[in-house]
Amino acid sequence: MSAKSTEAINIQLAGVGGQGVLLISSIIGLACVKHGLQVLSSEIHGMAQRGGVVWSTVRVGEVYSPMIAEGEADVLLAFEPVEAARATEVVSKRTEIIVNTRPIIPFTVGTWGHKYPPVKDIMKVLEGISKKVVAIDAEQLARDAGNKVATNVVMLGALMGRDILQIPSEVMKKAITEKVPKKAVEINMKAFDLGVKAAKKA
Amino acid sequence: MNEILSKEVGKRMFLLGNDAIVRGALEAGLDIATTYPGTPSSEIGNTFNVIAKEAGIYFEFSTNEKVALEVAAGAAISGQRAMTFFKHVGLNVASDPFMTLCYTGVKGGHVVIVADDPAVFSSQNEQDSRYYAMLSGAPMIEPIFPQECKDMVKGAFDISEQLAIPVLVRTTTRVNHVSGPVEFGDMRAPRGKVHFDKNPMTLVPVPLVSKQRHPVLLEKMRKAQELTETYPYTTVEGKKGRAKLGIITAGASYGYVKEAVNRLPYDVRIMRIGMVHPMPVKKLAEFMGTVDKVLVVEELEPYMEMWAKVAAKDAGLTQEIHGKDLLPRMWEFSRDIVTGAIMKVMGDKPPEAKKPLDLQLPARPATLCPGCPHRATYYACKVATKDEAIYSSDIGCYTLALLPPLKTADLFLCMGSSVGTAAGFSKATDQVVVGFVGDSTFFHSAIPGIINAVHNRHKFTYVILDNRTTAMTGHQPHPGTCKDGMGRNDAPSLDLEKVVRGLGVEWVRVVDPFDVKKTIETFKEALAHDGISIIISRRECALIEGAIKRGKDGTVPTYRVDKEKCKKCKRCLKMFACPALYVDEDGTVAINDLLCVGCGVCAQVCAFGSIEKVGGDGK
């Protein structure tokens, strides 16, 4: 069951505080407005920082709520493997999961005795419940682009590489340019292109 | 120029609900804005902080919400347009002046934004502010989308001036923190300086005056009742003729209702309430008269449900009115929850919820950052008290220490409660009592409690965790810093030590929590003092730019665990628990160099000297 063109495109983002998840949803939203699309986005501030879980959503089209109902994400853009698994309420066979394969081990593993499952086990579970899993080492690609901080923009590039969001790359790049610090534009453009390329190959 | 100040009518921007609120107030010709930061309203203040000077308005971070409301009220009573904003519990703090402000009334429009937090993403309770509107008599409106946040806030100033009463704007997290396109309107200029006209028989509510002001308030409420019946944001949608089901809703719930109804096969009419106080009872009755059954969809309390039932009774309607019998009275709604309730009313069985994943995931709660000074203070305290004290806590990042392994938060009730409850613990028990408060929270409301402790000879140790900012809500300034709401860097900053001594506290010490040995010794001395002893533990929040000392090459000092020396006792993890520490495969502790910021406290915590500095010239 794929989304009809008249239906909204639903993007769920998930990651860890400090990864720049919210910056990416605001860039996508800005690009949508630039392209004349209807869009609503939602995020949680405050406690989500300090190393906690960060979720945000972007819904493009005629929508009345920024929240994505059960199983209705077209894309789950997950910046961390366990956070991909934690956000799967919105995942179904209509969903492509784009996931950064680099784990960020929470402190609960060291001090509460919690277990971090093997990444390959997580991937297997994700493959079983979704349409497709696009696994990329976004952190490595960001380092290749010049700075690991650009991991989030690699992920955005990967989203664009999947051709789900009908927005021209130039519009998205313009939105990135407006939202990141001037001196970081060049690295982020490289990071974006590497993300697009990696996702197209998958 | 900041884009939010653009004079271009029709300009479209992708704005956060909170920023749209700022734009709405600016378009209305706002003169003054006041706040104490609180999620989910905090970004309103952060944006004013950036643009106030350029916009030619006055903005301040007040010491607390009560003061914020009073400052704005003084301006509004004089004739300026004023806005005050805070989270739901902020209105608790400001409720005292707010109740009587509805008696005195205002001359210039005064809009009060109150941001509720269903699902308690970042609050201590889930209270429903709509009851404050009923309690005070003030009108209350509820926007849904960013565009409405702008437009309804703009209009709220006119309503406030028309009725000469403050107007409440209720939002929830899914209104404040939703972004969407916003089309700009024309911008009115601020009024600037006005002249205050004396009128004590209206403005000084001694019994003689307040007795006369109550009927005036009731008359304003009667006029508000007329307004709400024709308020343009209260709308009805659906086909003409009789419908099987009528849904009454407001705020973020409207979105869930609309999307659920669009996907269901039923004949449904929707009434969206834009002004929730006073409720448009006539319109409600009219609406309910055209449908067979009624379902009220609202998060938290059955407030509109109560009014729907009142309206139905008065109009002699007898149909089923559902609400909290089918929907939760807590947490946020979703389209799935609302779909289930609609299907139940229509006699169908809702689909079953998805099964959870067959995969155990490690929890990832928010925690104190690597390099956080609070963690070092807590460590020293636990060593000094042998971790046998009652920890009376308060509101800020430091409350995160309730989680194991730190567990240095045993109680808090509200902003500033730590000092009063510490006094209570010390009276009721023979246990050692240590209270913790942040610097911003100290200024907010701990001061009367300290005076009380001095005067009534309470005995406990009180720690002011002075990280030089209001960290949790996004690093807003406070009276102990030199920054202010206008973006100036030369504000008079209050010296905490002098303030505390001025309150009559005799035993006061200032420590740097990164000097672990000295901090432990200071705690021991403080605990031995007969009376209130205050430790000001001062060290900048690790997230403040420049707080982490970097070398010329931009690196921080790096630390490493010497695997030969590590005795695998895990004391550093159990007592200190920096997120950069973890247990390696061989059972020794290791340091994640991506997270470590080189504060060096763990090296002081290790009893075997196994953690050593290996590089980086940051120090």
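Q: Which residues of S5(A) point one way, and which point the other way?
A: In this predicted model, let's walk along strand S5 of chain A, residues 96–100. In a regular strand the side chains alternate between the two faces of the sheet. That pattern shows up here: A:Ile97 and A:Val99 point to one side of S5(A), while the other side has A:Glu96, A:Ile98 and A:Asn100.

Q: Is strand S5 of chain A mostly covered or mostly open, and how many of its residues are buried?
A: To count as buried, a residue needs 20 or more other C-beta atoms within 10 Å of its own. The residues pointing either way from S5(A) meet that test. Strand S5 of chain A is therefore mostly covered, and the number of its residues that are buried is five of five.

Q: Which residue stands opposite A:Ile97, and in which direction do the two strands run?
A: Strand S4 of chain A, residues 75–78, is joined to S5(A) by four bridges. These two strands run parallel. Opposite A:Ile97 stands A:Leu76.

Q: What is the handedness of the crossover from S4(A) to S5(A)?
A: Follow the chain as it leaves S4(A), passes through H2(A) and arrives at S5(A). This path is a β-α-β crossover, and its handedness is right-handed.

Q: What is the bridge partner of A:Val99 in S6(A)?
A: S5(A) also pairs with strand S6 of chain A, residues 132–136. Five bridges join them, and the strands run parallel. Within S6(A), the partner of A:Val99 is A:Ala135.

Q: How many residues of chain B are in contact with chain A, and what is the class make-up of chain A's side?
A: On the chain A side, 46 residues take part in the contact. Among the elements giving two or more residues to that side are helix H1 (21–34), strand S2 (39–43) and helix H4 (119–129) of chain A. By class, chain A's side holds 24 nonpolar, 16 polar and six charged residues. On the other side, the number of chain B residues in contact is 48.

Q: In S8(B), what is the bridge partner of A:Ser41?
A: Strand pairing also links the two chains: two bridges join S2(A) to strand S8 of chain B, residues 178–183. Here the strands run antiparallel. The partner of A:Ser41 is B:Ser179.

Q: What radius of gyration does chain A have, with its 202 residues?
A: Chain A has eight helices and six strands, and 58% of its residues count as buried. A compact globule of 202 residues would have a radius of gyration near 17 Å. Chain A agrees with that, so it fits the picture of a compact globule, at 16 Å.

Q: Why is chain B as compact as a globular protein of its length, and what is its radius of gyration?
A: Chain B has 20 helices and 23 strands. For 619 residues the globule rule gives 25 Å. The value for chain B is close to this, so the chain is as compact as a globular protein of that length, with a radius of gyration of 27 Å.

Q: What is the mean pLDDT of chain B?
A: Where pLDDT is low, the predicted coordinates should not be read in detail. In chain B, 99% of the residues reach 70 or more. The model as a whole scores ipTM 0.95 and pTM 0.97. For chain B, the mean pLDDT is 96.

Note on methods. Residues are numbered from 1 along each chain as its sequence is written. Chains are lettered from A and ligands numbered from 1 in the order in which they are written. This is a predicted model: local features need pLDDT of at least 70, side-chain atom pairs count only at pLDDT 80 or more; totals for chains, interfaces and linings use all residues. Two residues are in contact if their C-beta atoms, placed from the backbone, lie within 7 Å. Ala, Val, Leu, Ile, Met, Phe, Trp, Tyr, Cys and Pro count as nonpolar, Asp, Glu, Lys and Arg as charged, and the others, Gly among them, as polar. Two strands pair if DSSP finds at least two bridges between them. A residue is buried if 20 or more other C-beta atoms lie within 10 Å of its own, exposed if 12 or fewer, and partly exposed in between; C-beta atoms are placed from the backbone. A crossover is right-handed if, with the strands pointing away from the viewer, the path from the first strand over the helix to the second runs clockwise. pLDDT is the predictor's confidence in each residue, from 0 to 100. The radius of gyration is taken over C-alpha atoms; the globule rule is 2.2 Å times the number of residues to the power 0.38.
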